[in-house]
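Got your viewer open and your selection syntax warmed up? Load the model below and follow along, one selection at a time.

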Amino acid sequence: KKYYEENKEKDPRLMEPAYLSFSHITVDTNEQAAAIRQRLEKGEEINELAKTLSVASDAKKGGKAVKFREETVRQQYGKPFFDALKSASEGEIVGPIQNSQGKYEIARHEGSRAPKVLDYEKVKDQIKASLEGQQKKESIEKLINDLREKEKSRYKLQGMFEEKENKNADEKKSEK
């Protein structure tokens, strides 16, 4: 419970991720994207245009990307697209923007959800397992380090005895 209270705002494992929803049209050239943007501004529907004009895999669904994790959007479409979509208000059209594959995107922001802290009851077992695993790992590392130190001491002592024996043997040889 203490770990949860101290880390619920910063440990991503204790949060539901942020999501973005949008409709988009992906085309090969900036000129195509600009022409589509003009059509949208004249009132045509993005989801209908996506079915016939988009080269994206979700074109048949009208280009709807519902409840995508923000990180997924950033990775799949690129930072410029993500930033434009994130800063847009709901219903706003963004683009044309070149995506990470070199194609051009026009998108309508359909909504977002901020990250949300999960309820303690949902994550307590996960926290317990994580803390126990961490404690076991630290215990094993401590045991290994202690054994190493013990062996170093043993070898140092053994080395001192060997040096003394060698010195005694040298002294005996010089006496002869």
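This tour goes from the sheet to a helix and then to the salt bridges. Keep in mind that you're looking at a predicted model.

**The sheet.** Start by selecting the strands in the order 3-2-5-4: these four make up an open sheet with antiparallel pairing. At the edges sit strand 3 (64-69) and strand 4, each of which pairs on one side only. Ignoring direction, neighbouring strands in this sheet are turned by 35° against each other on average.

**The hairpin.** Now select residues 93-98 and 104-113. Those are strand 4 and strand 5, paired in the antiparallel sense over four bridges. Want to check the register? Glutamine 98 is opposite tyrosine 104, and isoleucine 93 has arginine 108 as its bridge partner. Five residues separate the two strands of this hairpin, and in the turn you'll find glycine 102 with a positive phi of about 85°.

**Across the sheet.** Add residues 70-77. This is helix 4, which lies across strand 2 (19-27), strand 3 and strand 5, and runs at about 115° to strand 3.

**Helix 2.** Next, pick residues 30-41 and put a distance between the end C-alpha atoms. You should get 16 Å, which agrees with the span expected for twelve residues at 1.5 Å a residue. Which residues of helix 2 are buried? Show Ala33, Ile36 and Leu40 as sticks: those are buried. They cover an arc of only 60° around the axis, so they sit on the same side of helix 2. Their cover includes strand 2, helix 3 (46-53), strand 4 and strand 5. Flip to the face turned away from the buried side and you'll meet the exposed residues Glu31 and Glu41. After the helix comes glycine 43, with a positive phi near 110°.

**Salt bridges.** The structure has nine of them. Stay on helix 2 for one: glutamate 41 and arginine 37, with their closest N and O atoms 2.9 Å apart. Because these two are four residues apart in the helix, about one helical turn separates them.

For a long-range link, select aspartate 28 and lysine 103, whose side chains meet at 2.6 Å, N to O. Aspartate 28 is in the loop between strand 2 and helix 2, while lysine 103 is in the loop between strand 4 and strand 5, 75 residues apart. Both count as partly exposed, at 39% relative accessibility for aspartate 28 and 32% for lysine 103.

Last stop: select Glu45, Arg108 and Glu110, which are linked in a salt-bridge network.

Technical notes:
Residues numbered from 1 in each chain as written. Predicted model: local features only at pLDDT ≥ 70, side-chain atom pairs only at ≥ 80, totals over all residues. Heavy atoms only, no water. Pairing = 2+ DSSP bridges. Axes fitted to C-alpha atoms, helices over the stretch in contact; angles between N-to-C directions. Contact = heavy atoms within 4.5 Å. Expected span 1.5 Å × (residues − 1). Buried < 20%, exposed > 50% of the residue type's maximum accessible area, 1.4 Å probe, protein only. Arc of directions from axis to C-beta. Salt bridge = Lys/Arg side-chain N within 4 Å of Asp/Glu carboxyl O.
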